[in-house]
Amino acid sequence: MPRSPFTAAKAFWQTRIKKRPLVLSHAINSRCNMKCEFCEYWKQSGPEMTLQEITRLLDEAKDFGIMIYNAWTAEPLLREDLPQILQHARELGIVTFLITNGLLLEKRVEDLTDLDYLSVSVDGINSYKEIRGVDFKTKILPGIIKAKRSMKNPILMNCVISGRNLDDIEELIRLAAELEVTIAFEPMYEFSGIEKSIWKDIGVRDTDKYRRTVDRIIEMKKEGYPIINSYTYLKMIRDMSTYFKCHAGELILNVTADGTIEHCRVEKEPLGNVKDGLQNVWERSKKKRKQIPENCHKCLFFGYVENSLLYDMNLEVMRHYKWM
């Protein structure tokens, strides 16, 4: 959530008083230039909203009080009209985020001049090729370095902890410090649509080593390394504890590439379509949005958990969660 007193007050008014979402999380396209075996998004290629439809969506989001536009999945940098989309959001006064795998970042960094915050998925250094199929140092790192030189606002490296990258974590944190970027961690979520043999291969099976790795992340945060996660969250993922109240469905409006509005990226319960109007879908789905988190198994995606804890005024998270 936003940090300045003014934007924090606006966020409080939007979410607590008006009971409306703060973030528009938009799967801006359905195509990807990676075929990661543990990911389901690239397998769902299909219709995408046009530039005109997206600008209308952003206009409506602004009128609805939404403050943040998060463009992600499958790979946003594959959209040629991305600069126009980001520019339109910025002209509306909406804060812009983008999540990318980084493969096209070096080539397209000049197209991100209207972007506020950039997140690059980086799951390791030496283990990156094994996990994602390309070499990190030659294909991804140059784009991060170029973006760092070009962008004024923070760049985040987001690392999903798996069974393959536990030996890479400390080196990755040191790289983030060297590059003067921030880094976030979250555990791998084993989506049901992926074959069990893949999870058996890539999932965390050495739980003792996993716990020691997360403890080292906590230690390095205390040492001053640029880790944005709160201590509360890091201890939760270390212990695989899901004892929190999820507010993702209250804070985030999730829109798929074809315009379907879903509850969240895990519980993909359709709530409506952007063509029905954001306010109409939001008000009509109130009962469903309340029921879903009561029955879900709770994921540990850091954006969902940290912001849910912020919503519940967790003081430690308010102090130590450093994304915005």
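The second largest pocket of this predicted model has a volume of about 340 Å³. Its lining runs to 23 residues, and Ala27, Gln44, Thr256, Ala257 and Glu262 are the ones nearest the centre. Three strands, β1 (23–27), β7 (252–255) and β8 (260–262), each put at least two residues into the lining of this second largest pocket. Strand β1 gives the largest share, with three residues. Sorted by class, the lining of the second largest pocket comes out as 11 polar, eight nonpolar and four charged residues.

The largest pocket comes in at about 540 Å³. Here 20 residues make up the lining, and Lys19, Glu250, Lys286, Arg289 and Lys290 sit closest to the centre. Helices take part this time: α12 (248–251), α13 (278–284) and α14 (286–295) each supply at least two lining residues. Of these, α14 brings the largest share, namely five residues. The class make-up of the largest pocket is 11 charged, five nonpolar and four polar residues.

Then there is the enclosed space. Two cavities of 30 Å³ or more turn up in the model. The largest cavity holds about 1,100 Å³, and 47 residues line it, with Trp72, Ile99, Asn158, Glu186 and Arg265 closest to its centre. Quite a list of elements gives two or more residues each to this lining: the strands β1, β2 (68–72), β3 (95–100), β4, β5 (155–161), β6 (182–187) and β7, plus the helix α15 (302–311). Strand β7 thus appears in the lining of the largest cavity and also in that of the second largest pocket, and β1 likewise serves the cavity and the pocket. As for chemistry, 31 residues of the largest cavity's lining are nonpolar, 11 are polar and five are charged.

The second largest cavity contains about 110 Å³ of space. Its lining counts 14 residues, and those closest to the centre are Cys264, Glu267, Cys296, Lys298 and Cys299. By class, 10 of the lining residues are nonpolar, two are polar and two are charged.

With cysteines showing up around that cavity, what is the number of disulfides the structure holds? The count is zero. Cys39 is in no disulfide, and the nearest cysteine sulfur, on Cys36, is 6.2 Å away. The cut-off for a disulfide is 2.5 Å between the sulfur atoms, so a pair set 6.2 Å apart does not qualify. Much the same goes for Cys264: the nearest cysteine sulfur belongs to Cys299 and is 6.4 Å away, and Cys264 is in no disulfide. Both Cys264 and Cys299 are among the residues closest to the centre of the second largest cavity. Cys264 has a relative accessibility of 7% and counts as buried. Cys39 has a relative accessible area of 19%, which also makes it buried, the cut-off being under 20%.

Strand β4 (residues 117–121) includes Ser121, and β4 is one of the elements lining the largest cavity. At 15% relative accessibility, Ser121 is buried. Beyond its neighbours within four places in sequence, Ser121 is in contact with Ile99, Thr100, Asn101, Tyr128, Arg132 and Asn158. Two of these partners, Ile99 and Asn158, are listed among the residues closest to the centre of the largest cavity.

Another partner, Arg132, belongs to helix α5 (residues 128–132). Is Arg132 buried or exposed? Arg132 is buried, with a relative accessible area of 14%. Its contacts, again leaving aside neighbours within four places in sequence, are Met34, Cys36, Phe38, Ser121 and Asp123. Cys36, whose sulfur is the nearest cysteine sulfur to that of Cys39, is therefore also a contact of Arg132. The C-alpha atoms of Arg132 and Lys35 are 7.6 Å from each other, although 97 residues separate the two along the chain.

Stepping back to the whole chain, the secondary structure adds up to 16 helices and nine strands. The radius of gyration is 19 Å, close to the 20 Å from the globule rule for 324 residues, so the chain is as compact as a globular protein of that length. The C-alpha trace spans about 50 × 40 × 40 Å along its principal axes. Of the 324 residues, 56% count as buried. Contacts between residues at least 6 apart in sequence are mostly long-range: 72% of them join residues at least 24 apart.

Terms used: Residues numbered from 1 in each chain as written. Predicted model: local features only at pLDDT ≥ 70, side-chain atom pairs only at ≥ 80, totals over all residues. Heavy atoms only, no water. 1 Å grid on protein atoms, 1.4 Å probe; cavity = no way out; pocket = protein on both sides within 12 Å on 5 of 7 lines; lining within 4 Å. Points joined across faces, edges and corners; volume = space filled by probe spheres on them. Helix = DSSP H or I, 4+ residues; strand = E, 2+ residues; numbered from the N terminus. Nonpolar A, V, L, I, M, F, W, Y, C, P; charged D, E, K, R; others polar. Buried < 20%, exposed > 50% of the residue type's maximum accessible area, 1.4 Å probe, protein only. Contact = heavy atoms within 4.5 Å. Rg over C-alpha atoms; globule rule 2.2 N^0.38 Å.
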